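Here's a quick briefing on how the pieces of this model fit together. Have a look at the structure first, then we'll go through the contacts.

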Amino acid sequence: MKYDILISGVGGQGTVLASRILALSSIEAGFFARTAETIGMSQRGGSVVSHVRIGSENSSSVIPLSGADLLIGFELCEAARCIQRLSPDGKCIVNKQVIKPVTVSLGNSNYDTDGITEFIKKNCKCPVFIDGYSLAEQAGSVKAVNIVLLGAAAGLGFLPFDRSVLEKVIASNVPQKYVELNMKAFELGYREGIMQKTVAAC
Amino acid sequence: MRKLLMGNEAIAFGAIKSGVRVVTGYPGTPSTEVLETIAKNNPGHIYVEWSVNEKVAMEVAAGAAYAGARSLVTMKQVGLNVASDPLMSLVYIGVKGGMVILVADDPGPFSSQTEQDTRHFAEFSNLPVFDPSSPEEAYQMIEAAFELSEKVQLPVFLRPTTRICHSCSTIDLPDSFEKPGNPEGFQKDPRWVIFPALAYKKHIHVEQLQTKLSEMFSSSPFNQVVGSGKKGIAASGVAYSYVKEYLSMTDARVKLFKVGTPYPLPSKLALEFLNGLDEVLVVEELDPVVEESLLQLSASNLLNVRIYGKKTNHLPFAGEYSFELVKDAVQKFLGTGIHEDMGHKLTPSDFPARPPVLCAGCPHRGSFYAVKTAMKGQKAVFTGDIGCYTLGNAKPLDMVDTCLCMGAGITVAQGLKHAEPDVRHIAFIGDSTFFHTGIPGIINAVYNNTDITVVVLDNGTTAMTGHQPHPGTGKTIMGSISEKIDIFSLVKACGVKFIKKANPFNLKESARIIREAVEFNGPSVVIFEGPCISLYKPSRIMSVTDNCTSCKKCIREIGCPAMYTEGKKVRIEPSLCYGCTLCSQVCPFDAIGGADQ
């Protein structure tokens, strides 16, 4: 089975850990996995993208354009920026959170929230919008937004492995003192995913 | 043990498996994690150090290899420029223990000032180079590189690119690693002392070795020819993985030459590949190394084959290659270009740009802003250097007028000063960069009495590459505590007469010190001491009160990524704020306060 997941967001949102957890879960479930990350200068609050390729023995680490089966956008505009890499039938989860770049605060560019939301709706079949920031806050820290979104992906049934596999990998890949917080974040995301699934029916 | 390993981690484990004894390097994206992973997984018998710079690292690793130990030196492509002096003579001297020079290239570039190709450095220095196409191949290659180095008694290059270094793959690791036997030790011998007469003899020897190396590489498992037909594709590095991925989607008849050792080109195998072909497309990132070698080989063998690549404009010289770029070139070459329906058409949309910025709470923001206010109304040029603080060039700070290479901020300022004596010249340099190549520039300014001001941005770590220790921190990568090298005393010992420390989070005081330093006649140094946000947890966060008149001076002046506007209101994102108080110091209405965390 081949399954390509793209994660896009803003440097500092925990995209690298999220992609690592997805890849480790794939290996745990018996698949061959690859990832490609943005690390270094480009990471400091800039746009970041992680590629997770499952069943990728004979592929490169980068998902081709229109190739991703699932896009998890950690931030509204970063989700939109990456839609061209999503396959026409691909699934899409978007964290509604808006992080305005300094260029916008300075008035040098414009962040058109409604326009970007419309763009996402127009260019992918059935996007699921999630308020990841609030759910993470509810779990105890807004920094757990990455785990909330993984929970949502699992709840929506968009991942090729069981939630138990994910939970096991999360527990062994976050610092001991944050395991409980992350498990709560995962649970909240998962429940939100299940709820959205019945509402969105996709 | 089945593991998910980043290319750099795979290389590190491959080195441990190969029995490496001494590992040195200087941090540089995308190479940094190789050395860190070895340090973290050290079975106990490996000596690992962050050296002061790449030249030092190369020489320490060479010394270990003289004594018969296997050594590894790691750096990024521009680091090799710094280490090129020892490199070029080391080729003549050679080694006893296997020595691998790991140089990570950065097509794109993502985090570098050049897109130089280390495979050309290999050719220039007459050293063999391995060019991995995946993390798992890099894991195998480093073992082969150590073996080859010991066999031919020359250092060997391993040259991954960013996509290999920072991609993860599924790799089976052994449960434990064997401890290598003790090195033979250094044997005194005239071969270790380079003299003109020896250099001449060694030059002949090294040139002759090139043919032998090419022959050895023709039977290397990393070089392969598969398929058949009148058209052939030669590919090296990560570009090979794109070619392979595309070919797996078509049933095109094509002969494929996978080049794992671009220099010296495995000529025998390359001739087998070229024989019977009408046309060849060469796919490789950066310089046309394989392309030129194939052109040479076909010319000297009078082969009637057309070779396409960068030199014929079939593929670009600059930038990182992508699957799409390679696919388009291969489709055109094979004539398999079918119109593909992309399924959905995207209308161009104006997404706001999101370039990397200085973090919220970064001490450099305060340093730059203090210097900016101090120099308001004066004609001044701000020379920058390599590190996080290069990001100070972005608006609204706009405080980096030049950036060339490590250490050049201090020296370029001196040249500018001699050309324009009436202008103020202020050079910025980070703490790790100061130790790397900053000191000779300071000595030069003192010796030649050049009136510049040097601002050392001391944030207590090598931040940009992921917070490595350096001589000023008094900690080593082995976890031991050593003497902290004090920048103030060092500058004083260099003969600088005006040296002051300043706190970048106290804007008024900092600006006053800068004005004093600039007024001082002769070279002056100001050391801004403020920790990188990675080194502490915030004790308070700032928030905007009702006094705010929405004048937005805070946003306009300091450009903090934690600050944004919601409608007309200014807001501070609590999860990003480090309570540095700059916004509050800038606010004319006392409308930003801090609350303890």
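How many residue pairs in polar contact does the rule find across the interface of domain 1 of chain B and domain 3 of chain B? The count comes to 4 residue pairs, with both residues at pLDDT 80 or more. Keep in mind that this is a predicted model. The notes below start inside chain B and then move out to where chain B meets chain A.

**Domains of chain B**
- Chain B splits into domain 1 (2-216), domain 2 (224-334), domain 3 (363-535) and domain 4 (540-596).
- Measuring between centres over C-alpha atoms, domain 1 of chain B and domain 3 of chain B are 32 Å apart.

**Where domain 1 meets domain 3 in chain B**
- Domain 1 of chain B puts 19 residues in contact with 16 residues of domain 3 of chain B.
- About 1,200 Å² gets buried between these two domains of chain B, and carbon and sulfur atoms account for 63% of it.
- Looking for salt bridges between domain 1 of chain B and domain 3 of chain B? The count is 0.
- On the domain 1 side, helix H2 (33-40) and strand S3 (47-50) of chain B each chip in at least two residues.
- S3(B) gives the largest share of that side, with 4 residues.
- Sorted by class, the domain 1 side has 10 nonpolar, 6 polar and 3 charged residues.

**Where chain B meets chain A: size and make-up**
- Each chain brings 57 residues to this contact.
- The buried area between chain B and chain A is about 4,800 Å², with 58% from carbon and sulfur atoms.
- Leu4(B), Phe351(B) and Arg354(B) lose the most area to chain A on the chain B side, together 17% of what that side buries.

**Polar links and strand pairing between the chains**
- The rule finds 18 residue pairs in polar contact across the interface of chain B and chain A, both residues at pLDDT 80 or more.
- On the chain B side, the elements giving two or more residues include strand S1 (2-6), helix H7 (135-152) and helix H13 (323-334) of chain B.
- That side of chain B breaks down into 27 nonpolar, 16 polar and 14 charged residues.
- There are 4 salt bridges across the interface of chain B and chain A.
- In one salt bridge, the side chain of Arg354(B) meets that of Glu75(A) at 3.1 Å, N to O.
- Strand S2 (residues 33-36) of chain A pairs with S8(B) in the antiparallel sense, over 2 bridges.
- Within S8(B), Ser167(B) sits opposite Ala36(A).

Notes:
Residues numbered from 1 in each chain as written. Chains lettered and ligands numbered in written order. Predicted model: local features only at pLDDT ≥ 70, side-chain atom pairs only at ≥ 80, totals over all residues. Heavy atoms only, no water. Contact = heavy atoms within 4.5 Å. Buried area = accessible area lost by both parts, 1.4 Å probe. Polar contact = N/O pair within 3.5 Å; in protein donor to acceptor, adjacent residues only side chain to side chain. Nonpolar A, V, L, I, M, F, W, Y, C, P; charged D, E, K, R; others polar. Pairing = 2+ DSSP bridges. Domains from an automatic or database assignment.
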